[in-house]
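User: I'd like to go through this model and ask how each label was earned. Can you set the values against the cut-offs for me?

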Amino acid sequence: MRLYTYRYKGEIRVGRGEGDSIVPICGITDMKELIGCNFEDLWYDSPVKLDSVELLAPIPEPDRDMICLGINYVEHGEEAARYNKEAFLRERPHAIYFSKRINYAVAPFGEIDPHSDIVDKLDYECELAAVISRDAKNISAEDAYKYIFGYTVINDVSARNLQTAHKQWYFGKSLDGFTPMGPCIVTADEFEQPPRLALKSYVNGELRQSSNTEYMVFDLAHVISELSAGMTLKAGTIIATGTPAGVGMGFDPPRFLNPGDEVICEIENIGRIINRVGK
Ligand code: MG
């Protein structure tokens, strides 16, 4: 099932995709209310055409910071270390976790704020994100996928100058407007476990990243099992699984984003988000 958050005639609604339409779910205005609920109990309103609505990020205001995987594809680790050894070159026997604040997730066709006053190395990272369906504590790797509500596409927009200047990545990842998300959440029952999905990004139409989620170093079974051994992953938690090679800092010389650039992040069977960098 494809689940959308959208604005139609001034109202924010949540609905399920059906062909070229969205079927609005009665009484639900926030995706977070849908997470963990029984879909058989839902009622629906009359469908509206997908192209007549303004799509919003599926979860515009997450309840808590997003949990992110750092350097979770081997070739991205290599390109990052070439760019800045001190910040990125290290032995990695364990997953790297960091968090990213999302005050308001950018809509699937919304604008990325470049924060040009403090950012001079703006970068993109196409990633598969998983949404947790119910509180997860002490979950085995075998059971981990039972706790995933669905998947979406995010762009983990990054200010490399801030990310590398500060010891922790938090600030450089968390500026307002740094998390485009969407275009929908596709429920987990539509994917194999782990999902094997082609993932691509484009800048101004030029292919930059092209990989597959099967090449993650630490998959979601590992991540959910490891984290939930020590912290409850609350329903609605979003986990971003890391980005493959081909980001701007990976080129020599680096190819960072500029105002007016268009970034597309696309994952097979979920869709694409298209975001222009603002002026
Ligand atoms: Mg990332």
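User: Where is Asn 212 found, and what makes it buried or exposed?

Analyst: This is a predicted model, and in it Asn 212 is found in strand β15. Its relative accessible area is 14%, and buried means under 20%, so Asn 212 counts as buried.

User: Which residues is Asn 212 in contact with, leaving aside neighbours within four places in sequence?

Analyst: Those are Tyr 73, Arg 196, Leu 197, Ala 198 and Leu 199. Contact here takes heavy atoms within 4.5 Å.

User: What makes β15 an edge strand?

Analyst: Look at the strand order, β8-β18-β17-β14-β15, in an open sheet of five strands with mixed pairing. β15 (206-212) and β8 (111-112) each have a single partner strand, so one side of each is left without a neighbour in the sheet.

User: How do you know that β17 and β18 pair, and in which sense?

Analyst: Two strands pair if DSSP finds at least two bridges between them. Strand β17 (residues 262-267) and strand β18 (residues 271-277) have six bridges, in the antiparallel sense. One of the bridge partners in β18 is Arg 276, which sits opposite Glu 262.

User: Why are Phe 39 and Phe 149 called stacked?

Analyst: Their ring centres are 6.4 Å apart, and pairing needs centres within 6.5 Å. The planes are at 20°, and under 30 degrees counts as stacked, so that's the label. The pair also links distant parts of the chain: Phe 39 is in the loop between α1 (31-34) and β4 (48-49), Phe 149 is in strand β11, and they are 110 residues apart.

User: Which of these is buried and which is partly exposed?

Analyst: Phe 149 has a relative accessible area of 7%, so it is buried. Phe 39 comes in at 22%, so it falls between the 20% and 50% limits and is partly exposed.

User: What makes the pair of Phe 98 and Trp 169 edge-to-face?

Analyst: The angle: 65° between the planes, and over 60 is edge-to-face. Centre to centre they are 5.1 Å. Phe 98 lies in strand β7 (residues 96-100) and Trp 169 in the loop between α4 (160-165) and α5 (170-173), 71 residues apart. Both rings belong to one aromatic cluster with Phe 88. Phe 98 has a relative accessible area of 12% and Trp 169 has 11%; the cut-off is under 20%, so each is buried.

User: How do you know that Glu 125, Glu 127 and Asp 156 coordinate the magnesium ion?

Analyst: Donor atoms must lie within 2.8 Å of the metal. The oxygens of Glu 125 (OE), Glu 127 (OE) and Asp 156 (OD) are at 2.0 to 2.1 Å, so they qualify. Glu 127 lies in strand β10 (residues 126-132) and Asp 156 in the loop between β11 (148-155) and β12 (158-159), so the pair ties together parts that are 29 residues apart in sequence. Glu 127 and Asp 156 are both buried.

User: Why does the largest nonpolar core lie between the two domains?

Analyst: Domain 1 (2-56) and domain 2 (66-277) both give residues to this core, so it lies between them. The core has 86 residues, and those with the most contacts inside it are Tyr 151, Ile 239 and Ile 270. β10 gives the largest share, six residues.

Notes:
Residues are numbered from 1 along each chain as its sequence is written. This is a predicted model: local features need pLDDT of at least 70, side-chain atom pairs count only at pLDDT 80 or more; totals for chains, interfaces and linings use all residues. Side-chain values use heavy atoms; hydrogens and water are left out. Helices (H or I, at least four residues) and strands (E, at least two) are DSSP runs, numbered from the N terminus. Donors are N, O and S atoms within 2.8 Å of the metal (3.2 Å for Na, K and Ca); water is not among the atoms, so sites may look incomplete. Buried means under 20% relative accessible area, exposed over 50%, partly exposed in between (1.4 Å probe, protein chains only). A nonpolar core is a set of buried Ala, Val, Leu, Ile, Met, Phe, Trp, Tyr and Cys residues joined through side-chain atoms within 4.5 Å. Domain bounds come from an automatic or database domain assignment. Rings of Phe, Tyr and Trp (its six-membered ring) pair if their centres lie within 6.5 Å; planes under 30 degrees apart count as stacked, over 60 as edge-to-face and the rest as tilted.
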